[in-house]
Amino acid sequence: LAQARAQASPKSPCAPTFEIERSAAMVAGKGSTHDSSQQQFPTWLKAISEVIVTELLAGRLVAASAILDGMAEKRKVVSGKAFFHALIHACARAGNPRGAGWCLERLIRAGVTPNRVTYNSLIDACAKVGDLSAAAQWWQHMVARGLQPNGISYNTMINACAQARDTQQVELWMQRMESNGFLPCIVTYSTVIDAFAKTGDMDKSEMWFGRMQQAGVQPDEVIYNSLINSCARSGKPGKAEFWATQMRERGFRADTRTYNSLINACAQAGEPERAEGWFRRMLEDRSAIDQITFGSLIHACAKIGNIERAEYWFQQMSEHGFRPNLVCFNTLLHAYANEGDAAAAHDRYIALTRARLRPSAVTFNCMVRAMAKAGDTEAVEDWLCEMIKQNFMPDKITSLTLQRALPMGKSQEKASTRAFALIKEAFVRIGNQQKMQQWLNDEMARTGLSGGGSSHELCLARGDHPQKAHHQGQHAQPQNCIAQQSLQEHMKVPPHMKQQQKQQQQQQQQQQQQQ
């Protein structure tokens, strides 16, 4: 036990606050045939169970097996169903289906027969991570053992579909539940309504709300918040406010989630004044504001191009003690990119790196767009290179960004050719042939380039340079070597550092002119 505890760091984020009796009682309350609610585990067993769960959540299955095997060698064999159910339940709550499956294997090896509660917890572990395929496999295992699913089983499967954002399967499992004689409860309807809310399907959310009322199930504040959220994702502030009013009339108090959804609804509709009005109502109601609140306000202003007001809320976010996340930075970068303000976008990128946030593909696409809108082709190539160096592959959005932002006339074919050439040149500058070939294959599959692309595009895809083909003379090799060395030196400097150098040079030139 001491060796196991030494391996499991007590400061690890995976270490749970695990109470074996409480977990066993919760499992028993879900229909276990084993009366574990009165089970009292000795202190040594509770300590070992904590270490086992820590190992499982950290993915160290061999270490967890060693602990149980060591217990068996000392004849401290744990064969109780409550013990293994508590371990499975802990893995399920943490969203660790692999660890839960290991617990089932050890349970069977210990001579314990799994029951319906066992499989419900295994399905729940898969539901937490949205692994619908694995959840369906455990369902089949349960049925194959002759165990009949209950209402909790169906609720858990519906939740697995909801977490996987598969609303079609949500409705199919709902129909299957009703056809097998199980009445949906408030948990069922709440899961279904929330599933459609998260996909922004307001009509379906309201339809299932109506069916819930017809079934005589009374809504709670969770369901009202889901309806408001569905309206927010659809950009319907009027409907969101309607459901907020209905919620208040039913005696439920608006909380942080309610106000955040209302502010987000206004942001999606491009109505910052309306969003700020709900923020004031939120303060008057003394509801807790959080990072999401300010993120929605920043988005509301940035969406209509009011960058000054977006920067104001960005500053307010920091003053209220909240650290801006990557989404907030990307929102501002997108706004500056739309305006073609390359300098401001560059400054925000510097602030992002100083905040120790890792840029995403969205970040680099925004920077590429900002430079392209500003007409700085060299900077566009630099940022494309940096994007690839940071292990982000240029995608369809990158290509469309270049086509729409660069001034290339009215010809769409010329625009796509230029975008293709820029991305291809970035790979050449990086010198990563494997990534370039992968991107070329993806691009050809997406656009059908191999079948009917222009001669220039096909030439680029093969790695040729038609404009430079006639320079393949005797003196071409030394010149290419010199150019390649210069290019490598150039690529050592990140694009944001080169932008700073440009700004410094411009300031020096201005000072010299003034003198």
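## Exercises on helices α18, α19 and α21

The crossing of α19 and α21 is left-handed, and the exercises below, which concern a predicted model, begin with this pair of helices.

**Exercise 1.** Determine how α19 and α21 are oriented towards each other, and which residues make their contact.

*Solution.* Two packed helices are described by the angle between their axes and the distance between the axes. Here helix α19, which covers residues 326-339, packs with helix α21, residues 361-373, at an angle of about 20 degrees, and the axes lie 8 Å apart. Since angles under 35 degrees count as roughly parallel, α19 is therefore roughly parallel to α21. On the side of α19, the contact is made by Leu 326, Asn 330, Leu 333, His 334, Ala 337 and Asn 338, while α21 brings in Val 362, Thr 363, Cys 366, Met 367, Arg 369, Ala 370 and Lys 373. Sorted by class, these residues of the contact are seven nonpolar, four polar and two charged.

**Exercise 2.** Find out whether the length of α19 agrees with the expected span, and how many of its residues are buried.

*Solution.* Begin with the length: the 14 residues of α19 should span 20 Å at 1.5 Å a residue, and because the end C-alpha atoms are 20 Å apart, the two values agree. Next comes burial, for which the cut-off is a relative accessible area under 20%. In α19, 10 of the 14 residues are buried, so the helix is largely enclosed by the rest of the structure. Among these buried residues are Cys 328, Phe 329 and Tyr 336, and the elements that cover the buried residues of α19 include α17, α18, α20 and α21. After the helix comes Gly 340, which has a positive phi near 70 degrees.

**Exercise 3.** Describe α18 by its span, its buried residues and the helices that these pack against.

*Solution.* Helix α18, residues 307-319, has 13 residues and reaches 18 Å from its first C-alpha to its last, which is close to the 18 Å expected. Its buried residues are Ile 307, Ala 310, Glu 311, Trp 313, Phe 314, Gln 316 and Met 317, and they pack against α16, α17, α19 and α20. The helix is followed by Gly 321, where phi is positive, near 90 degrees.

**Exercise 4.** Decide whether Gln 291 is buried, partly exposed or exposed, and name its contacts beyond four places in sequence.

*Solution.* Gln 291 belongs to helix α17. Because its relative accessibility is 29%, Gln 291 counts as partly exposed. Leaving aside neighbours within four places in sequence, Gln 291 is in contact with Met 317, Phe 322, Arg 323, Pro 324 and Asn 325. With Phe 322, which is 31 residues away along the chain, the C-alpha separation is 6.0 Å.

Methods. Residues numbered from 1 in each chain as written. Predicted model: local features only at pLDDT ≥ 70, side-chain atom pairs only at ≥ 80, totals over all residues. Heavy atoms only, no water. Axes fitted to C-alpha atoms, helices over the stretch in contact; angles between N-to-C directions. Helix = DSSP H or I, 4+ residues; strand = E, 2+ residues; numbered from the N terminus. Parallel < 35°, antiparallel > 145°, perpendicular 65-115°, else oblique. Left-handed = near helix turned anticlockwise from the far one by under 90°. Contact = heavy atoms within 4.5 Å. Nonpolar A, V, L, I, M, F, W, Y, C, P; charged D, E, K, R; others polar. Expected span 1.5 Å × (residues − 1). Buried < 20%, exposed > 50% of the residue type's maximum accessible area, 1.4 Å probe, protein only.
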